[in-house]
Amino acid sequence: MKRIHGSDVGMVLIGPAGERLVRFATIVAQKGRSGGRPGIGAVMGSKNLKAVVMRGHGDVKVADPALRKMGVDAIVATKSKPNYPFWMRQGTTSTVEWAQEASVLPTYNYTEGQFDEYEKIGGFAVERSKVVTRSCPQCVMACGHVVKDTEGELAELDYENIAMLGSNLGIGDLTKVAYLNRIADMMGMDTISLGSTLGFAMEASEKGLLKDKIEWGDYKRAAEVAMDIALQRTELGRLLGKGVKAASMELGPEATEFAMHVKGLEISAYDCHAAPGMALAFSTSPIGAHHKDAWLISWEVQRGRFDYTREKVEKLVEMQNIRVVCSRL
Ligand code: SF4
């Protein structure tokens with residue numbers, strides 16, 4: 001695109017997975033900032049739309065000066081939080097240690113909530129391996145932690161992709177997780193759904209429901225299958241490219257028992273066996289199991305995870321509505 005349109009353009013685009021209508025294909029910006037958990041990359045692909053390329057030179061005028069003041073106030077408030085320096089060191093990756101402690105870390109396709117090798121993929125491991133921190137434009141909470149993968153190439157990590165491509169697959173090595181993450185970014189696939197789909201395949205293989213072998217912790221085989229999904233080049237890749245719900249229905253009733261999804265969307269990286277409020281958040285989200293609608297789990301673990309109270313439900317409704325209001329602004 002840059003060869004065609006010039007080096008000063010910005011763009012959002014789909015990868016090979018979007019072109020082939022993989023159900024969890026994303027739209028990618030900045031070589032790794034992706035959107036599209038429910039597969040909007042496949043929507044672009046279905047319309048033969050490869051990319052939207054933009055060029056702009058002017059400033060954006062702010063109509064109301066009060067908005068600029070609100071922005072400055074928010075930056076000052078954010079930077080003065082006691083946890084801000086720690087956030088800048090680890091960002092969301094410290095959630096690995098928190099989730100392990102709370103027994104909500106997806107492990108072996110959500111059959112466990114704790115992973116023996118969590119320290120090798122947690123926030124402190126990321127901090128030790130970090131090459132650089134990346135952010136979206138203008139953000140003062142840079143949350144992308146770039147590390148080297150098994151091939152020495154750079155990959156950007158956060159909590160969700162570490163959990164889903166790490167503990168959920170039985171992989172306790174940050175460089176291997178980074179390698180899988182880089183494939184997802186290069187091919188334009190959602191890391192949460194890809195991790196869940198690979199975990200589903202590993203459990204199906206273990207139970208003898210798949211002809212193909214894919215074992216827990218085998219990152220090379222996981223990478224091969226991820227490429228098969230993106231390029232739709234094998235029967236297994238074509239099956240898994242439909243996502244866990246459709247794939248499990250094709251494999252039969254036994255497989256639907258461990259297909260981890262709500263309304264067809266693979267579950268974000270929180271095991272809810274012991275977090276009923278978060279399970280309710282996932283199950284009532286209009287697009288399925290997405291943590292962005294209501295991230296209740298932190299509040300719930302602090303306040304009493306085994307309570308089934310009206311207060312918990314009201315908090316959930318409040319969070320869902322705050323997120324909805326924010327996303328409409
Ligand atoms: S915290 Fe900042 S860098 Fe991270 S996703 Fe949000 S806007 Fe982007």
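**Exercise 1. Determine which side chains H291 contacts, where H291 is found, and whether H291 is buried or exposed.**

Solution.
1. In this predicted model, the side chains of H291 and H290 are joined by a polar contact of 3.4 Å.
2. The side chain of H291 also makes a polar contact with the side chain of E160, at 3.4 Å.
3. As for its place in the chain, H291 is found in the loop between α15 (276–284) and α16 (297–303).
4. The relative accessible area of H291 is 10%. Buried means under 20%, so H291 is buried.

**Exercise 2. For S103 and N109, state the sign of phi and assign each residue to a class of accessibility.**

Solution.
1. S103 is not a glycine, yet its phi is positive, at about 60°.
2. N109, likewise a residue other than glycine, has a positive phi near 55°.
3. S103 lies in the loop between α6 (95–101) and α7 (123–129), and N109 lies in the loop between α6 and α7.
4. The relative accessibility of S103 is 34%. Partly exposed covers values between 20% and 50%, so S103 counts as partly exposed.
5. For N109, the relative accessibility is 2%. This value is under the 20% limit for buried residues, and N109 therefore counts as buried.

**Exercise 3. Identify the residues around the ligand and divide them into nonpolar, polar and charged.**

Solution.
1. Around the ligand are R33, S135, C136, C139, M141 and C143.
2. Cys and Met count as nonpolar and Arg as charged; the shell accordingly divides into four nonpolar, one polar and one charged residue.

How values were computed: Residues are numbered from 1 along each chain as its sequence is written. This is a predicted model: local features need pLDDT of at least 70, side-chain atom pairs count only at pLDDT 80 or more; totals for chains, interfaces and linings use all residues. Side-chain values use heavy atoms; hydrogens and water are left out. A residue is near a molecule or strand if one of its heavy atoms lies within 4 Å of it. Helices (H or I, at least four residues) and strands (E, at least two) are DSSP runs, numbered from the N terminus. Buried means under 20% relative accessible area, exposed over 50%, partly exposed in between (1.4 Å probe, protein chains only). A polar contact is a pair of N or O atoms within 3.5 Å; within protein, one must be able to donate a hydrogen and the other to accept it, and residues adjacent in sequence count only if both atoms are side-chain atoms.
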